[in-house]
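This report covers a sheet, a helix packed on it, a helix pair and several salt bridges. The sequence and structure come next.

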Amino acid sequence: MIKFLDLGKVNNRFRAEMDAKIANILDKGWYLQGEENEKFNADFAQYCGVKYALGVANGLDALRLIIKASGFGAGDEIIVPANTYIATVLAISDNGCTPVLVEPDINTYNINPDLIEAAITPRTKAIMVVHLYGQAVQMEKIWAIAKKYNLKVFEDCAQAHGAYYQGKRVGNLSDAAAFSFYPGKNLGALGDAGAVVSNDKELIDKVKALANYGSDRKYHHIYQGLNSRLDEIQAAVLDVKLPHLDADNARRREIAKYYREHITNPKIILPKVYDEAAHVWHVFAVRTQERDRFQQYLTDNGVQTIIHYPTPPHKQEAYKEWNNRTYPITEEIHKTIISLPMSPVMTDEEVKEVVEIVNEWK
């Protein structure tokens with residue numbers, strides 16, 4: 001079986017260094033908000049090209065905290081792509097805000113900037129973009145719209161660690177950005193983990209307090225906060241892996257290039273790319289009108305796949321008030337999308353075998 005993602009193989013490359021870091025943490029007996037967090041925050045901020053980074057418990061919390069720290073709540077609207085993982089939408093509604101769904105571009109799967117302006121109302125406060133599958137959103141039009149209507153711009157970077165747009169890394173393209181370090185991400189922890197990054201010190205300071213029970217110092221609470229802290233072990237693991245992220249992303253680009261040049265099956269719609277060097281290929285998602293039959297064929301032939309994602313947010317039971325809405329482009333994507341194996345530890349032989357099996361599908 002060619003695994004979709006072999007996490008054991010991914011992480012075992014760094015086992016000795018991780019073991020040493022974890023042993024040191026155990027010896028010190030300091031597990032939260034310590035030296036490992038400070039070092040990772042500084043290193044990740046530098047990597048993203050921003051002034052500040054703050055580790056939190058997970059990517060959803062990172063999004064929730066950005067909105068909360070911005071002071072948005074009931075009656076406020078935030079524009080968000082209709083084609084995204086539900087976490088992006090949950091972060092908005094969890095703050096009492098109203099998610100306003102906008103269709104994607106069928107070619108990039110990212111939010112279509114040309115459709116945003118029509119969705120703006122007097123209650124709109126921000127645009128939340130998602131750099132889906134590892135490709136940065138085309139931000140120039142979004143910046144112009146945000147400036148015109150005095151809106152905040154937030155990034156969900158959960159799938160795009162290290163991706164670029166116009167020479168800047170994602171995370172440095174907005175007022176604030178959220179990252180997830182879920183184990184399967186391009187930069188993955190050994191459990192749940194996330195971060196907020198920004199050039200706005202006031203916002204980061206507020207996020208830091210909110211994430212620590214609303215406390216700016218021990219037993220002194222200035223906000224009604226929550227508990228969302230990155231533990232020392234996850235911070236240390238992430239800091240071990242961070243220096244290797246660009247090399248891993250380069251390997252992902254090699255695999256994607258081979259897929260795109262050698263998959264010739266006319267039933268398969270390949271992803272479109274506007275900048276080869278800027279994409280980090282969190283997943284390699286293709287489309288086909290016979291998705292379920294194709295997935296079963298691949299399984300039968302020893303190729304593991306995942307569907308990102310089978311059901312869009314507006315068709316989920318959690319948002320049943322939206323279930324009668326129609327977003328045809330989003331629905332077409334969710335009906336036809338399937339992700340092929342993609343990992344920096346895939347061998348050339350495995351990549352070639354995937355291509356051969358895909359091309360043989362009738």
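Residues are called buried under 20% relative accessible area, exposed over 50% and partly exposed in between, computed with a 1.4 Å probe on protein chains only. The model is predicted, so local features need pLDDT of at least 70 and side-chain atom pairs count only at pLDDT 80 or more, while totals for chains, interfaces and linings use all residues. Residues are numbered from 1 along each chain as its sequence is written, and side-chain values use heavy atoms, with hydrogens and water left out.

**Salt bridges**

A salt bridge is taken as a side-chain nitrogen of Lys or Arg within 4 Å of a carboxyl oxygen of Asp or Glu. The structure holds 22 of these salt bridges. Three are listed here with their N to O distances.

| Pair | N to O distance | Relative accessibility, first residue | Relative accessibility, second residue |
|---|---|---|---|
| Lys 21 and Glu 36 | 3.4 Å | Lys 21: 21%, partly exposed | Glu 36: 9%, buried |
| Lys 28 and Glu 35 | 2.6 Å | Lys 28: 47%, partly exposed | Glu 35: 56%, exposed |
| Arg 251 and Glu 254 | 3.0 Å | Arg 251: 17%, buried | Glu 254: 47%, partly exposed |

Helices (H or I, at least four residues) and strands (E, at least two) are DSSP runs, numbered from the N terminus. In the salt bridge between Lys 21 and Glu 36, Lys 21 belongs to helix 2 (residues 15-28) and Glu 36 to helix 3 (residues 35-48), so the pair ties together parts 15 residues apart in sequence. Arg 251 and Glu 254, by contrast, both lie in helix 9 (residues 245-262), 3 residues apart, or about one turn of the helix. An α-helix has 3.6 residues a turn, so residues three or four places apart point the same way. A network of salt bridges links Lys 39, Asp 43 and Asp 239.

**Helix 3 and helix 8**

Two packed helices are described by the angle between their axes and the distance between the axes. Axes are lines fitted to C-alpha atoms, for helices over the stretch in contact, and angles run from 0 to 180 degrees between N-to-C directions. The axes of helix 3 and helix 8 (residues 232-241) come within 8 Å and cross at roughly 40 degrees. Helix 3 is therefore oblique to helix 8; angles under 35 degrees count as roughly parallel, over 145 as roughly antiparallel, 65 to 115 as roughly perpendicular and the rest as oblique. Contact means heavy atoms within 4.5 Å. On the helix 3 side, the contact is made by Glu 35, Glu 36, Asn 37, Lys 39, Phe 40 and Asp 43, and on the helix 8 side by Glu 232, Ala 235, Ala 236, Leu 238 and Asp 239.

**The sheet and helix 5**

Two strands pair if DSSP finds at least two bridges between them. An open sheet of 7 strands has the order 1-9-8-5-4-2-3, with mixed pairing. Strand 1 (52-56) and strand 3 (98-102) are at the edges with a single partner strand each, so one side of each has no neighbour in the sheet. Neighbouring strands of this sheet are turned by 20 degrees against each other on average, direction ignored. Strand 2 (residues 77-81) and strand 3 run parallel and are joined by 5 bridges. Ile 78 stands opposite Pro 99 in strand 3.

Helix 5 (residues 86-94) packs on the sheet, touching strand 2, strand 3, strand 4 (124-130) and strand 5 (152-156), and its direction makes about 145 degrees with that of strand 3. Its buried residues are Ile 86, Ala 87, Thr 88, Val 89, Ala 91 and Ile 92. These buried residues of helix 5 also pack against helix 4 (59-69). Just after helix 5, Gly 96 has a positive phi of about 85 degrees.
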